[in-house]
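The exercises below ask the reader to work through one protein model, starting from a single charged pair and widening to the whole fold. Each task is followed by a solution that goes step by step.

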Amino acid sequence: TPSTLYERYNQITRFDHHFSKYSKRYFGPAFDWRYFKAQAVAESRLEENATSVAGAVGIMQVMPRTFEEIRQKNPNIRGGLNQPRWNIAAGISYDRQHYLVWNAPRPLADKLKFMFGSYNAGRANILRAQRFALGEGLNATLWESVAGALPRVTGRRSQETVSYVSRVFDIKQALR
């Protein structure tokens, strides 16, 4: 099962404090910080020195330009992109920006899927897919509808985004 595949990440706890702290700061004390740890596992397998071919850096795989934009909006992020604490803080802060955009009434799981989908594919692409879903008469507040329309926006890359969102949720199931 997918969850047994990811259970080993329960043993890697050295960043849990940062996930917990910044989850509380940006999402409130009741929010389950393990969503962000799951996201980081999906992004980098919790490897602080990870870099992608596109240039994304660190545990949360933040692009350098995006990091600078996040820091401008959020002066509390004082350290560098390569420092795990600030990389995690920036990633969760960026998630918060996306989370606030998806404010139409929808189940929490769908709101989180829109947030993670935006983090992965870019909010503009998710908004475009949402318009296609609406045009097809689908309930565009639900991730399933928008995920189905995403290939019309991002082509073959849409599968990467849909798989990414689903993987974050699979990993979250395995985390305790």
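**Exercise 1: a pair within one helix**

Arg65 forms a salt bridge with Glu69, the closest N and O atoms being 3.8 Å apart; a salt bridge is a side-chain nitrogen of Lys or Arg within 4 Å of a carboxyl oxygen of Asp or Glu. This is a predicted model, in which local features need pLDDT of at least 70 and side-chain atom pairs count only at pLDDT 80 or more, while totals for chains, interfaces and linings use all residues. Residues are numbered from 1 along each chain as its sequence is written, and side-chain values use heavy atoms, with hydrogens and water left out.

Task: Determine in which element Arg65 and Glu69 lie, and classify the accessibility of Arg65 and of Glu69.

Solution. Step one is to place the residues: both Arg65 and Glu69 belong to helix H4 (residues 64-73), where four residues, about one turn of the helix, separate them. Helices here are DSSP runs of H or I with at least four residues, strands are runs of E with at least two, and the numbering starts from the N terminus. Step two is to apply the accessibility classes, in which buried means under 20% relative accessible area, exposed over 50%, and partly exposed in between, with a 1.4 Å probe and protein chains only. Arg65 has 67% relative accessibility and therefore counts as exposed, whereas Glu69, at 37%, counts as partly exposed.

**Exercise 2: pairs between elements**

Task: Find which elements are linked by the salt bridge of Lys37 and Asp16, and state whether these two residues are buried or exposed.

Solution. The closest N and O atoms of Lys37 and Asp16 are 2.9 Å apart. This pair links distant parts of the chain, since Lys37 sits in helix H3 (residues 34-44) and Asp16 in helix H2 (residues 16-27), 21 residues apart. Lys37 and Asp16 are both buried.

Task: Repeat the analysis for Glu136 and Arg152, whose side chains meet in a salt bridge (2.2 Å, N to O).

Solution. Here too the pair links distant parts of the chain: Glu136 is in the loop between helix H7 (123-135) and helix H8 (143-149), and Arg152 is in helix H9 (residues 151-154), 16 residues apart. Glu136 is partly exposed, with a relative accessible area of 41%, and Arg152, at 47% relative accessibility, also counts as partly exposed. A further step is to look for shared partners, and salt bridges of this kind join Asp32, Arg34 and Lys172 into one network. The structure holds seven salt bridges.

**Exercise 3: the loop between H3 and H4**

Task: Compare the surroundings of Arg45 and Gln61, two residues found in the loop between H3 and H4.

Solution. Begin with the backbone: Arg45 has a positive phi of about 55° although it is not a glycine, and Gln61 has a positive phi of about 50°, again without being a glycine. Then turn to accessibility, where Arg45 is exposed, with a relative accessible area of 53%, whereas Gln61 is buried, with 11%. Finally, consider Ser44 of helix H3, which is buried with a relative accessible area of 4%. Leaving out residues up to four places away in sequence, Ser44 touches Ala50, Gly58, Ile59 and Gln61, where contact means heavy atoms within 4.5 Å.

**Exercise 4: the whole chain**

Task: Which secondary structure elements does the protein contain, and how does its radius of gyration relate to that of a compact globule?

Solution. The count is ten helices and zero strands. The radius of gyration is taken over C-alpha atoms, and the globule rule is 2.2 Å times the number of residues to the power 0.38. For 176 residues a compact globule would have a radius of gyration near 16 Å, and the protein, with 16 Å, agrees. The C-alpha trace spans about 45 × 40 × 35 Å along its principal axes, and buried residues make up 51% of the 176 residues. To complete the picture, examine the contacts between residues at least 6 apart in sequence, of which 57% join residues at least 24 apart.
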